[in-house]
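Thank you all for coming. I would like to take a few minutes to walk through one structure with you, going slowly enough that everyone can follow along on the screen.

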Amino acid sequence: MILEENIRLIFGLKVRMHRQEQKLSLSELAKKAEMSVSYINEIEKGKKYPKRNKITSLAAALKVSYDELVSLKISKKLGAISKLLNSNILQELPLDVFGLEPRNLLELMSDAPSKLSAFINTIIEISRNYNLTVENFYFSVLRSYQEIHDNYFEHVEFAANEFRRKIIDDEKPLEIQLRQYLTTFCNYRIDEESLSEHEALDTLRTVIKVEDDGTHVLMINKKLNARRRTFIYAREAAFQVLNLQERSMTYSWMQVKSFDMLFNDYMATYFAGAFLVPEEALVKDLEGIVHSNTFSNEKMLDLIVKHNTSPETFLHRLTSILPKHFGLSKIFFLRLDHIPGSNRYSLTKELHLDGLHSPHGTVLSEHYCRRWVSLKIFEDLEQARAEGKEDEYICDAQTSRYITSGKEYFCISVARALPLVDETIDTSITIGFLINDNFREKSKLWQSEKVRMEFVNETCERCPSVDCQVRASDSIVLKKEQQEKERISALEAILGKPVVS
């Protein structure tokens with residue numbers, strides 16, 4: 001935001017604040033200052049900055065001095081607004097995603113400046129304590145955007161379908177055709193050696209470099225197999241087909257400099273998924289699974305292999321197709337990482353459609369329930385590794401019934417021993433469906449006798465189970481909550497009336 005706009009915004013906010021303090025309506029202030037209501041409204045919204053004679057009239061009508069009104073100093077009531085303007089954070093926040101402009105946000109704040117200033121200060125303090133960066137915020141906004149749209153973007157689906165129809169011959173290998181498209185039509189040069197020369201970059205899939213003559217040099221990790229290279233080429237094609245300009249130069253991300261960059265990278269990834277796993281074909285394939293009353297791990301793995309993509313891309317694709325075509329909208333998607341031999345698991349990606357579901361990101365210091373299929377499947381990975389089956393996918397399913405809430409989810413998890421790039425981490429990908437009346441009506445998966453039912457909870461620290469054999473921590477959070485309830489009950493007994501904790 002340029003300084004001139006800051007000046008207009010601050011002036012408008014001060015006029016609005018003084019008008020409200022004087023208990024004047026817009027029309028009353030307009031009459032006193034001999035101006036139109038629409039002009040006063042535009043001043044307060046930061047769209048107009050009046051000339052000197054009009055400022056004098058406004059100051060007189062508001063019973064403040066001319067100097068106070070034009071000063072860039074902001075009162076204590078609007079202190080949080082001052083922090084926002086001085087930090088330029090309004091430039092960084094992707095307000096346009098939610099249909100907002102900076103002046104809209106500041107207008108909302110000025111309606112109750114004291115309370116909102118306290119709220120903003122609280123958010124700032126929380127962000128400091130939990131190391132919430134602008135980058136974290138961007139990822140949160142992107143997830144919210146996906147959730148608002150049920151992770152389905154029709155224009156990208158159409159573009160991917162048209163690209164495949166016009167450019168691709170289904171009788172020839174996709175990898176070769178995509179590579180030729182990039183090198184022949186998009187001025188790309190493929191470099192499969194440079195990344196291996198730098199050990200520090202060995203875990204990156206790609207680095208893109210634009211040379212002075214406009215050539216795009218795609219440096220690709222030579223560890224990647226044909227399937228991974230095909231995905232990379234499809235993703236690069238997306239930047240050209242969708243005309244996405246601002247983008248990350250590395251994949252996966254190292255730095256997120258703007259929301260537009262993150263958003264464009266996601267749209268390119270979405271395009272690649274839509275291209276590799278076409279909507280129409282996937283809908284037909286899912287008919288047999290969704291409406292079957294017997295879930296088969298083998299059939300799920302066969303579908304992933306059939307579409308020649310990774311478990312992560314395939315299951316993430318389901319979050320787009322199942323709500324749109326099967327009415328199954330209450331879904332979560334998780335990716336968990338695990339270092340073999342350790343007792344720690346990291347939730348590295350999540351998406352919740354039509355509500356926040358369990359499991360989800362919780363306090364970092366707590367231990368996720370070891371009964372989740374997402375965690376238990378890592379034991380199968382260890383067994384596969386011991387048997388020399390590092391290259392095989394593993395699939396498992398589970399009905400998870402939460403001990404505390406009683407909610408049930410039908411969960412499908414897929415994992416693979418030793419990912420291709422970072423060989424120190426195992427990863428499981430899980431998609432879960434809330435078992436409610438809608439799910440029972442539109443799918444028969446919940447009837448599958450082959451799928452075991454497990455009582456689970458979010459974390460060990462919050463779990464009331466007394467006979468859990470895989471608990472990683474005592475239920476310290478739950479015990480504290482119970483102690484607090486006991487104290488409240490005792491206090492109510494003494495006082496003879498309800499109390500608020």
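Let me begin with the cysteines, since the result there is quickly told: the structure holds 0 disulfides. Please keep in mind throughout that what you see is a predicted model. For those who are new to the term, a disulfide is a covalent bond between the sulfur atoms of two cysteines. If you look at Cys460, you will find that this residue is in no disulfide, and that the nearest cysteine sulfur, which belongs to Cys369, is 6.2 Å away. Because its relative accessible area is 6%, which is under the 20% limit, Cys460 counts as buried. Cys411 is also buried, with a relative accessible area of 4%.

Now let us turn to charged side chains. In general, side chains of opposite charge can pair when their charged atoms come close. How many salt bridges does a search of the whole structure find? The search finds 31 of them, and I will pick out a few.

Take Lys166 and Glu162, whose side chains meet in a salt bridge with an N to O distance of 3.8 Å. These two residues are 4 residues apart in helix α11, which covers residues 154–167, so they are separated by about one helical turn. Is each partner buried or exposed? Lys166, at 59% relative accessibility, counts as exposed, whereas Glu162, at 17%, counts as buried.

A second pair is made by Arg179 and Glu192, whose side chains meet in a salt bridge at 3.0 Å, N to O. This pair links distant parts of the chain, with Arg179 in helix α12 (residues 174–185) and Glu192 in the loop between β1 and β2, 13 residues apart. Arg179 is partly exposed, with a relative accessible area of 29%, and Glu192 is partly exposed with a relative accessible area of 29%.

The third pair is Glu366 with Arg462, where the closest N and O atoms are 2.8 Å apart. Glu366 lies in the loop between β6 and α18, and Arg462 in the loop between β10 and α20, so the salt bridge ties together parts that are 96 residues apart in sequence. Here Glu366 counts as buried, at 7% relative accessibility, while Arg462 is partly exposed at 28%. There is also a network of salt bridges, which links Lys376, Asp396, Arg452 and Glu454.

We have already met α11 and α12, and I would like to return to how these helices sit against each other. Their axes come within 12 Å and cross at roughly 95°, and the two helices are therefore roughly perpendicular to each other. In the contact between them, Phe163, Arg164 and Ile167 of α11 meet Leu174, Gln177, Leu178 and Tyr181 of α12.

Finally, please look at the strands. Strand β2, residues 206–210, runs antiparallel to strand β3, residues 216–220, and 5 bridges join them. Within this pairing, Ile208 stands opposite Leu218 in β3. The hairpin has 5 residues between its strands, and in it Gly214 takes a positive phi near 90°. Which other strand is joined to β2? That is β4, residues 250–251, which is antiparallel to β2 and joined to it by 2 bridges, with Val207 standing opposite Thr250.

That is where I will stop, and I am happy to go back to any of these places on the screen.

Notes. Residues numbered from 1 in each chain as written. Predicted model: local features only at pLDDT ≥ 70, side-chain atom pairs only at ≥ 80, totals over all residues. Heavy atoms only, no water. Pairing = 2+ DSSP bridges. Salt bridge = Lys/Arg side-chain N within 4 Å of Asp/Glu carboxyl O. Buried < 20%, exposed > 50% of the residue type's maximum accessible area, 1.4 Å probe, protein only. Disulfide = S-S within 2.5 Å. Axes fitted to C-alpha atoms, helices over the stretch in contact; angles between N-to-C directions. Parallel < 35°, antiparallel > 145°, perpendicular 65-115°, else oblique. Contact = heavy atoms within 4.5 Å.
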